[in-house]
Structure formats: structure tokens, C-alpha cells
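Could you take me through this model, pocket by pocket and bridge by bridge? I'd like the reasoning along with each answer.

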Amino acid sequence: MIPAVLYAVPAFLLLIVIEAVSYRFLPDDEERGYELRDTTTSLSMGLGSQLIGFPWKLLTVGLYAALWTVAPVHLSPGDWWTWAIVFFADDLAYYWFHRSHHEVRVLWASHVVHHSSVHYNFSTALRQSWTPMTSLPFWLPLALLGIPPWMIFLQQSISLLYQFFLHTERVGRLARPIEWVFNTPSHHRVHHGSNTEYLDRNYGGILIVWDRLFGSFAPERAAVHYGLTKNIGTYNPLRVATHEFAAIWSDVRRATCWRHRLGYLLGRPGWQPAR
């Protein structure tokens, strides 16, 4: 297991300071910039995510290794095409992980943490879930393909490092070929938008081509309104981490039949029984 993201934390913090200072000397009325309480919450969520995620990864190492052991073939890291397979397989797994966490409410309860800020800056990238368990099924097939577990973890770290740099308003659109193939700050701003036309769009990790293939792409046009359709109005990290789970529990308790209970759990966020 290669904790590349953990090694990058000092660089993340330095870049957050640099970006925050840039708003002091180069302000932009159309950009939200930083707010101290919001940034503190994002950093707290990131710290909690690392503390919870480390022991969880120790368990997933064992699961990946067990599946890799019984895989019909074992891909060699000495072959260049193995790295190409890892890159595309990981990015596709991330797309479906990300999309499902927007379309299934109990999964959204974990991912909503990342969308809970009304600001959009490098610190937002660190506002991560405290329930990493929901991601497990999406990468297990990579081990069955014969990809060594350490390569899976390494590529996951590379993807997360790349995505850190998407969380900024300071970068406009890039050259058209880049915007067509890769996820960019412009594409990811759309993903974080609560505008109706931006909801559930642009799930890609490093590549944006999956969104184009599967019909979930939207370009950045109107000004982006960040946050949730119903913002939670708190800077308490514990509430940020658990508020949607609490809301699900409340809905399930009030439900009058199992079909409705399953709907609140497995339906799309906002699902309600038909009147």
C-alpha cells in the first residue's frame, strides 16, 4: 500500500495557502474564495477521513490480495500495457463509484460530505467522507483481473492527487483537446454546482470521456452555485459527516411499509413515495 496522498498533504496545505493569498491580492467578485470556518471544516473532514481510512485500507489490502490470488491471470507490472489497463480500469471504476454515490441515497449519504461546502477551492478537495466502506465493491473486479493490489492503490492515489487540482475557480477553460478528453476545473465546477442544469453531471476522475460516452456530461455555461440544493448551514464536522444518514433514519422510521423504507434507502436522493 503506497500512501501517496498522505505524503502529498504538506504540498496540499501549501497550495491552499497560496490560493488563499491569491484572493487577497487578486480578488474576483465572481469567485467565492475562502472563508475561515468553511476551510477549517474542510481540513477537519480531511483529517478525519485519513484517520478512519488508514485502518480500513489495511482490511481492503487483504480483500484485494485474496481476490488477486484466485484471479485466472496475474498481470505483470513489468509490462507497459498492464499500466494502461490499470489506468483505464481504475478511472472507469471511479466513474461508476462516483455516479452510484449520486444516484443511490444511502451511498449519497457518504458522498454528500464532499458537496456540502458553498465554497469551491483547494480546501474543498480535502472535505472527504468518514465512511470509505461504500467504495469497496467498485475496485474489487480490478483484483480479479489480475492487477496486483499495490498497483490498484497506487493508481487510486494518482487519481486523487489529480483531482485535488480540479477544485479551483482560479483556472478557466483549458485548450479544447484537453477539455474534451480530461476532467478539468471547468468540468468539475459543473459537478459541484447545485444549479438544476448541473445536477448529477461530470462524474469523471481523470478522464471526462466516460461522461461523454454514458450521457452524463454537461459543459460549464451559467455561473455555478456551489453546495447542496438544501444546504445544511453548519460547520460542525460531525454533523457534516452524518447529517444525511440521520435524515435517512428519520425517513425510514416514519415509513409505513418496507417498499417505502427501501425507497428511502436505495432510491435517488430526494425520493418520496408516490401520492
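What follows is a set of questions and answers on pockets, the surface, backbone angles and salt bridges.

This is a predicted model, where local features need pLDDT of at least 70, side-chain atom pairs count only at pLDDT 80 or more, and totals for chains, interfaces and linings use all residues. Residues are numbered from 1 along each chain as its sequence is written, and side-chain values use heavy atoms, with hydrogens and water left out.

Q: What is the volume of the largest pocket?
A: On a 1 Å grid over the protein atoms alone, a pocket is an open set of points where a 1.4 Å probe fits, with protein on both sides within 12 Å along at least five of seven lines; lining residues have an atom within 4 Å of a point. Grid points are joined across faces, edges and corners, and the volume is the space filled by probe spheres set on them. For the largest pocket that comes to about 1300 Å³.

Q: Which element gives the largest share of the lining of the largest pocket?
A: The lining has 50 residues, with Ser-49, Gln-50, Lys-57, Gln-128 and Leu-160 nearest the centre. Two or more residues come from each of helix 1 (4–25), helix 2 (36–70), helix 3 (80–103), helix 4 (105–111), helix 6 (136–144) and helix 7 (149–164); helices here are DSSP runs (H or I, at least four residues), numbered from the N terminus. With 13 residues, the largest share belongs to helix 2.

Q: How many charged residues are in the lining of the largest pocket?
A: Asp, Glu, Lys and Arg count as charged, Ala, Val, Leu, Ile, Met, Phe, Trp, Tyr, Cys and Pro as nonpolar, and the others, Gly among them, as polar. On that split the lining has 26 nonpolar and 22 polar residues, and the charged ones number two.

Q: Which helix gives the most to the lining of the second largest pocket?
A: This pocket holds about 720 Å³ of space and is lined by 25 residues, with Trp-108, Thr-229, Lys-230, Pro-269 and Gly-270 nearest its centre. The elements that give two or more residues are helix 4 and helix 11 (237–254). By class, the lining has eight nonpolar, eleven polar and six charged residues. With four residues, the top contributor is helix 11.

Q: Is Leu-26 buried or exposed?
A: Leu-26 sits in the loop between helix 1 and helix 2, and joins Val-17, Val-21 and Phe-25 in a nonpolar surface patch of about 420 Å². The cut-offs are under 20% relative accessible area for buried, over 50% for exposed and partly exposed in between (1.4 Å probe, protein chains only). Because its relative accessible area is 60%, Leu-26 is exposed.

Q: Which residue, Asp-200 or Asn-202, is buried?
A: Most residues other than glycine have a negative phi. Asp-200 goes the other way with phi near 55°, as does Asn-202 with phi near 60°. Asp-200 is in the loop between helix 9 (185–191) and helix 10 (209–214), and so is Asn-202. Asp-200 is partly exposed at 27%, whereas at 0% relative accessibility the buried one is Asn-202.

Q: How far apart in sequence are the parts that Arg-268 and Asp-200 tie together?
A: Arg-268 forms a salt bridge with Asp-200 (a side-chain nitrogen of Lys or Arg within 4 Å of a carboxyl oxygen of Asp or Glu), the closest N and O atoms being 2.9 Å apart. Arg-268 is partly exposed, at 41%. Arg-268 lies in the segment after helix 12 (258–266) and Asp-200 in the loop between helix 9 and helix 10, so the parts tied together are apart by 68 residues.

Q: What separates Glu-103 and Arg-99 along helix 3?
A: These two form a salt bridge with the closest N and O atoms 2.9 Å apart. Glu-103 is partly exposed at 22%, while Arg-99 counts as buried at 17%. Because they are four residues apart in helix 3, the separation is about one helical turn.

Q: Which partner in the salt bridge of Asp-251 and Arg-254 is exposed?
A: The closest N and O atoms of this pair are 2.7 Å apart, and both residues lie in helix 11, three residues apart. Asp-251 counts as buried at 10%. At 55% relative accessibility, the exposed partner is Arg-254.

Definitions and conventions: Patches are made of residues with over 30% relative accessible area and no salt bridge: like charges are joined within 9 Å, nonpolar side chains (Val, Leu, Ile, Met, Phe, Trp, Tyr) within 5 Å. Accessible areas come from the Shrake-Rupley method with a 1.4 Å probe; for residues, only the protein chains shown count as cover.
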